[in-house]
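Student: I have a structure to go through. Can we take its empty spaces and its annotated spans in turn?

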Amino acid sequence: MENIFLAAGSTRRNHVTCYYNDTLIFAAKNNIILLKNKKEVIITNQSLITVLNCIDDMIIAGDDQGNINVYDFYTHKQLKTFKLDDSVQLISKIPHKDIYICGSFNKLYFIESKAVKYFEIKNELITCGDIFYLNNEYLQVTGTYSGNIIVFQINNSNFTPKLTFNAHKDSITTIKCHYIKEDIYFLTASQDKFIKIWKINRNENGDKLFIMDHTSYSITLVKTLSGHRDWIYNCIWTEEDDIYSVSQDDSCILWKYKNNDWSNDIRLGGIASKNQGFFDIVKSKDSIFCLSYFGGFYKYTSNSLVYCTSGHQDEITSLDWYNNYLLSTSLDSTARIFNINSQKEIARAQIHGYPLKVARFLKKDTFSFISAGQETQLRVFQATQIFIKNHEFDFSTISNQSDLKIYKPKSIHSELSLTNEISNDYHTSDLQINEYTLTHSTLFHEISKIFIHYFEIEDIAVSPYFIASVNKSSSLDFSGIFITSHSFQKLNYIKVHRLGIQRIRFSPQFNYLMAVSRDKTASIYKVTTTYPYISLLQTLTDHKRCIWDCSFSPTENLVATVSRDKKVFIYQIPTLKLIFENTFTSEATTISFGNKILAIGTENGEIFLYTFYNQIVFHSKIQAHTNRINVLEFDQHGTRLATGGKDSLIQVFQISI
């Protein structure tokens, strides 16, 4: 198995992104992603990462369970781990020493080798901090939820509070120390929309005084920077002593340093859009990377926006192939289309108000799809002219401009409705793929809604003849299969299962349909092109727990099911005789047949591969995700396996047997 594609969106928070040794490093839920020269590497972490730092050839990750894991930057091996009492909020390291300063809830920790000491801050919650070197001593500047700054002297593994003062009217989001010539500065940014620059002076003047080793120091406010319209999430210093800041207002500002002053020089981004903003920022030699609301990065090179990595931010719920294109949905409320060959996200086709459960390609010659969120209606979407023109898609059915008339020019978000609006106005800049155009220009046109379901929709299957769909239910009357025409008219409703159906699949040649249910049974149907469209052949009752998934072999001679009872069963068609079973050590969650290969995903993120020539034989296994695999899907050739996990990652493996 060769990993040929990875899509990962960064966690939507500040302090989870670094740039180190020409490598963009960011947290994707409980994974660390390293991106260098378009090649991505995964370092797995067991819990949700809350803060990330890179220093001294080490990657340091803190998570919401209080774990701090230290990894070697080059080998990616774990070097050490520490345990704090609560979720980690800040991580600092004294350069070239094995000493870590970490913050968790209301405690500041000093960690050296295996010794851990902490200082408890009463009536305060730690949000951020940084270290600087002063007069042969290290000082920790810590920000709090109430807007206060606390300065600690670090001496003999102890924290000595030296000064506490109020810096902002709201929570402090970032503190960054910096040296300008021999002077020490630090900046603070806050949810009060201001950035403040402070200077540490060796004198006895001012109201913010502290004494260290019999020497008096003062902290003076040098400048207050006002330019953002909303919360400021992070700031960085540059080698030229400039400052970049990012905000919930969807903008990045360059504050240029000149003549001992900072002024607003360049504003990147735009006016705040609904539920959007920049959450983090890092800088390389020639680019800056701003973390967007949707998990991708706005990459500015010479102040021009170019494509960077992107992906989902929450668990993957469905995957569907069309040639080299992969359609995905996620609990992050988006449906996306990826070009596996170019390694890019090429459309954020649906941005919804509810978490999305499933999407399937509908009419592949016109590139439309049908989707369902955590609601009772199906939605049908079609590509726009912008989508057709702005990427490498081979639209063999579109040979001249007259064919383009069936597509709307551009689809945009509506402020008052979940239904997208049509715009006839677009520019050549809309045809470039980057994080801005993915969010604002690649939305598909919603052409229909289907209101036939009783409850929240669970799954959809599409054949050339009709659409099958199911909803959640706890009774026989509402646990049936809805049959809908391609003109979106209800054709039939078949009740077999006593509890809701989890998954429905057509066989590759559309001769059969299988449904698997929470009632521990699987039902298989013969498909026809006339009423009643599907006819029950048999109900299978071998599983003892809820059945999660099913799959047909390419030649339709085998069908398999996986269940919460940790078992896989494989049946022969048409006799439906049980010919193979296996029990795993963890819950089997998803299954997919490929070309002479069967893939089974589990609750703990493993993929088991079996060959099925004359008999079914175990081949190998890999650890593909950090936790539950929600979906496995082979492409139409049965050689590329797409995987989607609870960890929000999408991966594609090339299978060679």
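Student: What makes the lining of the largest cavity 3 nonpolar, 4 polar and 1 charged by class?

Tutor: Sort the lining residues of this predicted model. They are D250, Q276, G277, S292, Y293, F294, Y298 and T439. Tyr and Phe count as nonpolar, Asp as charged, and Gly falls among the polar. So Y293, F294 and Y298 are the nonpolar ones, and D250 is the charged one. Q276, G277, S292 and T439 are therefore polar.

Student: Why is this space called a cavity?

Tutor: Because a 1.4 Å probe fits there but cannot get out. The search of the whole structure finds 1 cavity of 30 Å³ or more. The volume of the largest cavity is about 30 Å³.

Student: What about the largest pocket: what volume does it have, and which residues lie nearest its centre?

Tutor: Its space is about 1500 Å³. The lining has 45 residues, with N53, C54, D130, K176 and I236 nearest the centre. Among the elements giving two or more residues are β6 (49–55), β18 (172–180) and β23 (232–237). The largest share is that of β14, with 7 residues. By class, the pocket lining holds 23 nonpolar, 13 polar and 9 charged residues.

Student: How do you know where the WD repeats are?

Tutor: From the UniProt annotation, in an unreviewed entry. The record covers residues 165–208, 309–348, 540–581 and 622–657. Such annotations may be inferred rather than shown by experiment.

Student: What is the helix and strand content of residues 165–208 and of residues 622–657?

Tutor: Residues 165–208 are 0% helix and 61% strand, with end C-alpha atoms 7 Å apart. Residues 622–657 are 0% helix and 53% strand, with ends 15 Å apart by C-alpha atoms.

How values were computed
Residues are numbered from 1 along each chain as its sequence is written. This is a predicted model: local features need pLDDT of at least 70, side-chain atom pairs count only at pLDDT 80 or more; totals for chains, interfaces and linings use all residues. Side-chain values use heavy atoms; hydrogens and water are left out. On a 1 Å grid over the protein atoms alone, a cavity is a set of points where a 1.4 Å probe fits but cannot get out, and a pocket is an open set with protein on both sides within 12 Å along at least five of seven lines; lining residues have an atom within 4 Å of a point. Grid points are joined across faces, edges and corners, and a volume is the space filled by probe spheres set on the points. Helices (H or I, at least four residues) and strands (E, at least two) are DSSP runs, numbered from the N terminus.
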